[in-house]
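Please walk through the structure shown below with attention to how its strands pair, how its aromatic rings meet and which residues reach the surface.

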Amino acid sequence: MILCSNPRAQYLARKEEIDTAIHRVLNKGRYILGEEVEAFEKEFAGYIGVSYAIGVGSGTDALQLALLAAGIGSGDEVITVSHTAVATVAAIDSCGAIPVVVDIEADYYTMDPKGVEGAITERTKAIIPVHLYGQPADLAPILEAARERGLVVIEDCAQAHGATYKGKKVGSYGDMACFSFYPTKNLGAIGDGGIVVTNSKELAEKLRLLREYGWAERYVSYYAGRNSRLDEIQAAILRTKLKYLDVDNSKRVELADIYNRELADSGILLPQPRKDATHVYHLYVIRSSCRDKLFEALRKRNIGVLVHYPVPIHLQPAYQGRMSVSGTLFETEQIAQQVLSLPMHAQLSKAEARVVASGVLESCE
């Protein structure tokens, strides 16, 4: 089976260094919020180009804590998209706020800035653009709309570690930005983990309290916080992998180039990188009107394709009556029926990529 993602292969590629990092933590004897977390926070903030980074338990926690740090709560509205991992909307909902979803751009699968203006009301407090599949959202008009109305912008960068927009890393534009280190990500831990980055000293200090019960001093809570702490072992692993992130992203781009060449005349819609941006191909997502047939045919060939994501969040049972839809979501609903993720990870060989491409071409005949 050619896997869609392969965290084990990522580990094996850096096994000696990762094992050394793990044993370094085990021998020190401090396993939560210690030297490794502090060092990783500084290194990751430097990589993104921001002043502060706050390690937390997961990407979902990162979004929740960012919203709480911004003072967003019951009855507030937060604009985002429905074509995303459910975590984006779940984080808004968990704060008691109301997710308001807008449509996506047909070419790029990210938030359509034109839909944002019409979604803003007196209750709107924040916008969460999602950099999906490794593709940056079109931030400039979103930021402009937010700044004109005093809205907070929180970038969801869970799938875009290292991607750039207009020459700067995504995560460096919003008031805050949130990353996930789930094992399949471009920068993945061996377990869960997440981080919030910001240029605001005030927000950074509040986030550090919120991630640990609101403690400014031990056992005394100044905010109604959470328990969401990045552990030392994951931080040590992430420090090791961060050194190779740009190299691994380059490998993903090379694999995407193979798919682009091999499938150029297939009639299938291929990813369209945004101008003035770099796509880091967390996922290589094609679009086909016969998606389900193609899915089954490739699975029979032991090619591990997946669908990201088959059901828009506004159509999922859990969120009926818990969110608002602004305008029509035509592109969102159509794309959900057509997208298919081909195998994509830094340890995928070029030969395997060609096998996948051949499988797609033969399955389309």
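In this predicted model, a convenient place to begin is strand β6 (residues 164-165), which is joined to β12 by two bridges, the two strands running antiparallel. One residue pairing can be picked out here, since Thr164 has Thr278 as its bridge partner in β12. This contact belongs to an open sheet of three strands, whose order is β7-β6-β12 and whose pairing is antiparallel. The edge strands of that sheet are β7 (168-169) and β12 (277-278), each of which pairs on one side only.

A second set of strand contacts is built around β8. Strand β5 (residues 152-156) pairs with β8 in the parallel sense over three bridges, and Asp156 finds its bridge partner in Cys178 of β8. Towards β9 the direction is antiparallel, with four bridges joining β8 to that strand, and Ser180 has Gly194 as its bridge partner in β9. How well covered is β8, counted by its buried residues? Five of its five residues are buried, so the strand counts as mostly covered. The cover extends to both faces, with Met176, Cys178 and Ser180 buried on one side and Ala177 and Phe179 buried on the other.

Phe179 also leads to the aromatic side chains, where it forms one cluster with Phe40, Phe44, Tyr47 and Phe181. Across the model, the count of aromatic pairs comes to eleven. For Phe40 and Phe181, the ring centres lie 5.5 Å apart and the planes stand at 70 degrees, and because an angle over 60 degrees is the criterion, the pair is classed as edge-to-face. This pair links distant parts of the chain, 141 residues apart, with Phe40 placed in helix α3 (residues 35-48) and Phe181 in the loop between β8 (176-180) and β9 (194-198). Are these two rings buried or exposed? Phe40 has a relative accessibility of 0% and therefore counts as buried, and Phe181 is likewise buried, with a relative accessible area of 0%.

Tyr281 and Tyr284 offer another arrangement, an aromatic pair that is stacked, with 6.0 Å from centre to centre and 25 degrees between the planes. Both Tyr281 and Tyr284 are buried.

Rings also meet charged side chains in this model, and two such contacts can be located. The charged end of Lys169 sits over the ring of Tyr47, at 4.5 Å from the ring centre, and Tyr47 is one of the members of the aromatic cluster described above. In the other contact, Arg14 lies over the face of Tyr244, with 3.8 Å to the ring centre.

Turning to the surface, Leu26, Tyr31 and Ile32 together make a nonpolar patch of about 250 Å². Within this patch, Leu26 belongs to helix α2 (residues 15-28), and its relative accessibility of 38% is why Leu26 counts as partly exposed, a class that runs from 20% to 50%.

The last residue to consider is Cys290, which lies in the loop between β13 (284-287) and α11 (291-300). At 35% relative accessibility, Cys290 counts as partly exposed. How far is Cys290 from Arg229 in sequence and in space? The two are 61 residues apart in sequence, while the separation in space, taken C-alpha to C-alpha, is 43 Å.

Definitions and conventions
Residues numbered from 1 in each chain as written. Predicted model: local features only at pLDDT ≥ 70, side-chain atom pairs only at ≥ 80, totals over all residues. Heavy atoms only, no water. Phe/Tyr/Trp six-rings, centres within 6.5 Å; stacked < 30°, edge-to-face > 60°. Buried < 20%, exposed > 50% of the residue type's maximum accessible area, 1.4 Å probe, protein only. Lys NZ or Arg CZ within 6 Å of the ring centre and 35° of its normal. Patch = residues over 30% accessible without salt bridge, like charges linked within 9 Å, V, L, I, M, F, W, Y side chains within 5 Å. Areas by Shrake-Rupley, 256 points an atom, 1.4 Å probe, with all protein chains shown as cover. Salt bridge = Lys/Arg side-chain N within 4 Å of Asp/Glu carboxyl O. Pairing = 2+ DSSP bridges.
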